[in-house]
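User: Please take a close look at the part that UniProt annotates as a binding site, and then set it in the context of the whole chain.

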Amino acid sequence: MDCTKCDREAVMHAAYSGAHLCEAHFLESVDRRVRKRVREDSLLSEGATPEDPETWVIGLSGGKDSVVLTHVLHETFEEDPRVELVGLTIHEGIEGYRDRSLDACVELAEEIGIRHEVVSYGEEFGVRMDDVVEDDPENMAACAYCGVFRRDLLSKYAEKLGADKLLTGHNLDDEAQTALMNFLEGDVAQIAKHFDASLGGFEEREELRSSNESGRSPRTRKEGEAFVPRAKPLRDVPEKEVALYAHLLDLPAHITECPHSSEAYRGEIQRLLYGLEENHPGTRHSIMAGYEELGGIVSEELDDRSADLKECERCGSTTTRDVCRKCSLLESLSA
Ligand code: SF4
Ligand SMILES: [Zn+2]
Ligand SMILES: [Zn+2]
């Protein structure tokens with residue numbers, strides 16, 4: 001089959017758009033989608049200058065998603081002195097798994113010449129995921145501990161590194177799965193939280209309203225002072241395309257699955273979405289378009305949520321409780 005745009009041989013077919021693309025046109029189409037998302041989310045604020053650049057910290061796990069994200073952003077902003085990229089890798093203490101993906105991170109950061117920091121659960125919290133799984137004092141899935149610890153370190157170090165934005169490599173499949181899980185669990189507050197944390201654009205809402213003649217304002221996020229704002233510039237690109245991109249460019253990405261991976265429900269949703277996408281191409285895109293619009297509305301509706309934020313008694317991080325979730329998990333692990 002020939003490429004839809006030229007007469008070279010196609011390396012992929014996107015059923016949701018009908019396009020068959022050759023290697024060059026496929027790579028270009030991924031770059032274009034990421035750049036469009038960066039623009040549409042107003043990721044680079046207008047105040048950024050070569051003298052006062054923005055720092056974007058990328059959560060660099062060494063998996064294909066974060067490696068592709070880092071690569072595309074580097075290619076895009078290499079010549080732009082208004083943006084400085086920093087890679088931040090979290091080492092969970094998982095034997096044989098993170099060690100190898102850490103190598104991939106180091107290789108990539110060296111190759112493109114960006115600053116790279118590594119922080120570990122061991123050094124920060126005195127625990128390793130391998131031991132947490134053994135102990136399991138709360139009788140939970142490994143990922144439930146791990147996610148809390150990772151979020152904590154990403155926020156803490158993004159702030160330490162002077163980040164203006166914290167970027168993660170979530171792709172279209174990840175986001176559509178999360179959206180569907182929030183729907184199926186009926187968790188409206190979680191939809192608002194998801195939106196505020198990482199969806200929608202950064203522009204001033206008032207400005208957008210007055211400049212938008214249709215009267216329908218694009219949904220943008222609330223200004224949160226407490227956290228470094230997050231964004232997911234890869235969220236329009238399906239997982240398989242991210243994998244193909246990494247493969248075609250031979251990027252240093254590590255692909256083995258974590259031995260503690262235990263998200264059974266997410267796996268079920270993933271299979272459901274595969275089936276839907278096959279019979280109804282474009283399902284993931286339409287889920288996300290509707291979800292984002294809805295998330296913006298719900299977020300405005302629940303506008304007073306952030307008023308309850310306070311400082312954790314133990315570590316001082318921002319939380320809605322007296323002691324944050326990370327500190328209470330660490331407490332039960334040391335008991
Ligand atoms: S799969 Fe779960 S346990 Fe493994 S690194 Fe990811 S969150 Fe942590
Ligand atoms: Zn082509
Ligand atoms: Zn705490």
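Analyst: The annotated site comes first, then the domain records, the ligand shell and the whole chain.

This is a predicted model, in which local features need pLDDT of at least 70 and side-chain atom pairs count only at pLDDT 80 or more, while totals for chains, interfaces and linings use all residues. Residues are numbered from 1 along each chain as its sequence is written, and chains are lettered from A and ligands numbered from 1 in the order in which they are written.

In an unreviewed entry, UniProt gives the annotation "binding site" to C3, C6, C22 and H25. These residues span 23 residues in sequence, but no two of their C-alpha atoms are more than 8.5 Å apart, so they gather at one spot. UniProt positions follow the numbering used here, feature names are shortened, and annotations may be inferred rather than shown by experiment.

C6 belongs to the segment before strand 1 (12–14), and C22 to the loop between strand 2 (19–21) and helix 1 (23–40). Helices (H or I, at least four residues) and strands (E, at least two) are DSSP runs, numbered from the N terminus.

C6 is exposed, with 12 other C-beta atoms within 10 Å, whereas C22 is buried, with 20. Here buried means 20 or more other C-beta atoms within 10 Å of the residue's own, exposed 12 or fewer, and partly exposed in between, with C-beta atoms placed from the backbone.

Leaving out neighbours within four places in sequence, C6 is in contact with C22 and H25. On the same basis, C22 touches C3, C6, R8, E9, A10 and V11. A contact requires C-beta atoms, placed from the backbone, within 7 Å.

The UniProt record (unreviewed entry) also places "domain: 2-thiouridine synthetase TtuA-like N-terminal LIM" at residues 3–27. That span is 20% helix and 24% strand, and its end C-alpha atoms lie 13 Å apart. A further domain, "tRNA(Ile)-lysidine/2-thiocytidine synthase N-terminal" (unreviewed entry), is listed by UniProt at residues 56–189. Residues 56–189 are 56% helix and 16% strand, with end C-alpha atoms 28 Å apart.

Ligand 1 is surrounded by E92, M129, A142, C143, C146, G147, C258, H260 and S261, each with its C-beta atom, placed from the backbone, within 6 Å of the ligand. Helix 6 (residues 142–160) gives the most to this shell, with four residues.

The protein chain as a whole has 13 helices and nine strands. Of its 335 residues, 33% count as buried.

Key: Contact = placed C-beta atoms within 7 Å.
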